[in-house]
Amino acid sequence: MGNSNRSLGDMFGNTSPDYLPFEFRDLEVDLEAVCTFLLVVMELVTAVELHEHLLKIFNGQFEELHQRQSQWTVPDTELRESLRVAVVEVLLPAYRFSIKCFGALVENGKNPDKYIRYSIEDLDQMLCEIFEGKTLNEARR
């Protein structure tokens with residue numbers, strides 16, 4: 001029973017990774033590489049799914065706001081343009097940054113058109129339509 005207190009080092013000699021047979025050290029390195037790769041892939045999948053979800057929310061909210069605000073009328077040309085500029089200056093840089101950072105990931109996924117519905121130019125053009133007092137059918141795209 002005195003043997004139960006013996007360590008692996010006592011029983012098998014030094015157990016540090018440097019003393020493992022070559023095949024086991026090689027296997028350990030391969031396993032670490034696979035685990036690292038899987039962690040990176042899992043993070044990318046999570047990032048892609050998160051960005052797809054955020055784009056889906058953005059698309060729905062943008063479409064709703066575009067439809068509604070295209071029906072609003074701002075008769076004063078200067079005020080209408082300043083409102084548009086304010087919206088464009090907030091929305092387009094954020095969307096551009098988002099697409100620049102994650103667009104390639106989403107485009108390589110399933111159904112990229114489902115998530116990236118608009119180019120920067122599309123959004124810019126659509127924002128030029130807000131506050132024009134269009135009818136509901138004109139405002140829909």
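Gln-69 lies in helix α2. In this predicted model, Gln-69 has a relative accessible area of 18% and therefore counts as buried, the limit for that class being under 20%. When neighbours within four places in sequence are set aside, the residues in contact with Gln-69 are Ile-130, Phe-131 and Glu-132.

The protein chain as a whole contains six helices and zero strands. Its order along the sequence is accordingly written as α-α-α-α-α-α. Of the 141 residues in the protein chain, 21% are buried. The area exposed by the protein chain is about 10,500 Å², and carbon and sulfur atoms supply 60% of this area. Among contacts with a separation of 6 or more, 80% are made by residues 24 or more positions apart.

The interior was examined next. The largest nonpolar core comprises 17 residues. Within this core, the residues with the most contacts are Leu-55, Phe-58, Phe-62, Tyr-95, Tyr-118, Leu-123 and Leu-127. At least two residues of the core come from each of three helices, namely α2, α3 (77-107) and α5 (120-127). Phe-58 serves as an example from this group: apart from its neighbours within four places in sequence, Phe-58 is in contact with Leu-91, Tyr-95 and Leu-123.

A polar residue, His-51, is also found in helix α2. The relative accessibility of His-51 is 6%, and the residue is therefore classed as buried. The side chain of His-51 is joined to that of Ser-98 by a polar contact of 3.0 Å. Beyond the neighbours of His-51 within four places in sequence, its contacts are with Ser-98, Phe-102 and Val-106.

Charged residues were then considered. Side chains of opposite charge can pair when their charged atoms come close. In this model, the count of salt bridges comes to five. One of them is formed between the side chains of Glu-63 and Arg-117, with a distance of 2.5 Å from N to O. This pair links distant parts of the chain, the two residues being 54 residues apart. Glu-63 belongs to helix α2, whereas Arg-117 is placed in the loop between α4 (112-115) and α5. Glu-63 is partly exposed, at 28% relative accessibility, and Arg-117 is likewise partly exposed, with a relative accessible area of 37%.

A salt bridge with a short sequence separation is formed by Arg-68 and Glu-64, whose closest N and O atoms are 2.7 Å apart. Because these two residues are four residues apart in helix α2, about one helical turn separates Arg-68 from Glu-64. Arg-68 is partly exposed, its relative accessible area being 36%. Glu-64 also falls in the partly exposed class, with a value of 47%.

In helix α3, Arg-84 and Glu-81 are three residues apart, so about one helical turn lies between them. Their side chains meet in a salt bridge with an N to O distance of 2.6 Å. The two partners fall in separate accessibility classes: Arg-84 is buried, with a relative accessible area of 8%, whereas Glu-81 is partly exposed, at 36%. Both residues also take part in a network of salt bridges that links Arg-80, Glu-81, Arg-84 and Glu-132. Glu-132 is, in addition, among the residues in contact with Gln-69.

Nonpolar side chains are found on the surface as well. Val-34, Phe-37, Leu-38, Leu-39, Val-41, Met-42 and Val-45 form a nonpolar patch there. Together, these residues have about 640 Å² of accessible area. Val-45, one of the residues of the patch, is found in helix α2, which covers residues 22-71. The relative accessible area of Val-45 is 38%, and Val-45 is therefore partly exposed.

Several of the features described involve helix α2. This helix holds the buried residue His-51, supplies at least two residues of the largest nonpolar core, and contains Glu-63, which pairs with Arg-117.

How values were computed
Residues are numbered from 1 along each chain as its sequence is written. This is a predicted model: local features need pLDDT of at least 70, side-chain atom pairs count only at pLDDT 80 or more; totals for chains, interfaces and linings use all residues. Side-chain values use heavy atoms; hydrogens and water are left out. Patches are made of residues with over 30% relative accessible area and no salt bridge: like charges are joined within 9 Å, nonpolar side chains (Val, Leu, Ile, Met, Phe, Trp, Tyr) within 5 Å. Accessible areas come from the Shrake-Rupley method with a 1.4 Å probe; for residues, only the protein chains shown count as cover. A salt bridge is a side-chain nitrogen of Lys or Arg within 4 Å of a carboxyl oxygen of Asp or Glu. Buried means under 20% relative accessible area, exposed over 50%, partly exposed in between (1.4 Å probe, protein chains only). A nonpolar core is a set of buried Ala, Val, Leu, Ile, Met, Phe, Trp, Tyr and Cys residues joined through side-chain atoms within 4.5 Å. Contact means heavy atoms within 4.5 Å. A polar contact is a pair of N or O atoms within 3.5 Å; within protein, one must be able to donate a hydrogen and the other to accept it, and residues adjacent in sequence count only if both atoms are side-chain atoms.
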